[in-house]
Amino acid sequence: MKQKTLMLYSSVDGQTLKICNQLKEVFNQHDQDLDLQAIDDFDKDITQYDKLVIGASIRYGVHNKSVIDFINHHKAQLDAMKTAFFSVNLVARKPEKNAPDTNPYVIKFFKTIDWKPTVVEVFAGKLDYKKYGFFDRTMIRFIMWMTKGPTDPSVQIEYTNWDRVSAFGKRLTEL
């Protein structure tokens, strides 16, 4: 019998959704069912799924509150099934911060919640200054300046390692 997987995401600028769509493609290649939905729009019973994956982006050092609320509200159900979590952030562009046990945002996230997913991963996101509004562009440029990243407001860099995303997808299909 085919396992049914639910993938929920929270994305600010679309890169987390893009990663989710790549993961969905991996599931399709392995002939596995995957329902993909924004976490804010999900209103079904998660117990109708065998596995659950949550993908969440970072903005100003934190994951979206709806991700934390969802996890806290469904903790007992999450603990009873196979689960995965992945974070998408620009800090992960640095090799020394691109693993769950070295990424400061992922470490901080799991200190604030009482949930231990079966699998955790972190991916570097995309920097696209032209897409941001004035405030976000200014703040992100300042953060990048502090972390010795690119600050040219015309820069657009996709840091996501798509081979790692595909490998993670394959790992999820084997859960």
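This text walks through one strand of the structure, its partners, and two residues that sit in this region.

The structure is a predicted model, in which local features need pLDDT of at least 70 and side-chain atom pairs count only at pLDDT 80 or more, while totals for chains, interfaces and linings use all residues. Residues are numbered from 1 along each chain as its sequence is written, and side-chain values use heavy atoms, with hydrogens and water left out.

A good place to begin is strand β3, which covers residues 51-59; strands (E, at least two residues) are DSSP runs, numbered from the N terminus. Nine of the nine residues of β3 are buried, so the strand is largely enclosed by the rest of the structure, where buried means under 20% relative accessible area, with a 1.4 Å probe and protein chains only. The enclosure can be followed on both faces, since Lys 51, Val 53, Gly 55, Ser 57 and Arg 59 are buried on one side, and Leu 52, Ile 54, Ala 56 and Ile 58 are buried on the other.

Next come the strands that pair with β3, a word used if DSSP finds at least two bridges between two strands. Strand β1 (residues 4-10) pairs with β3 in the parallel sense over six bridges, and Tyr 9 has Gly 55 as its bridge partner in β3. Gly 55 also has a bridge partner in β5, namely Phe 86, and β5 runs parallel to β3, to which seven bridges join it. With strand β4 (residues 62-63) the sense is antiparallel, over two bridges, and here Arg 59 stands opposite Val 62. Two residues lie between β3 and β4 in the hairpin that they form, and Tyr 60 in the turn has a positive phi of about 55°.

Within β3, Ser 57 counts as buried because its relative accessibility is 10%. Setting aside neighbours within four places in sequence, its contacts (heavy atoms within 4.5 Å) include Ser 10, Val 12, Val 62 and Val 88. A polar atom of the side chain of Ser 57 lies 3.5 Å from the backbone nitrogen of Val 12.

The path ends in strand β5 (residues 82-89), where Asn 89 lies. Asn 89 is buried, with a relative accessible area of 3%, and Ile 58 and Tyr 105 are among the residues in contact with Asn 89 beyond its neighbours within four places in sequence. The side chains of Asn 89 and Asn 103 make a polar contact at 3.0 Å, a term for a pair of N or O atoms within 3.5 Å, of which, within protein, one must be able to donate a hydrogen and the other to accept it, and residues adjacent in sequence count only if both atoms are side-chain atoms.

Key: Helices (H or I, at least four residues) and strands (E, at least two) are DSSP runs, numbered from the N terminus. Buried means under 20% relative accessible area, exposed over 50%, partly exposed in between (1.4 Å probe, protein chains only).
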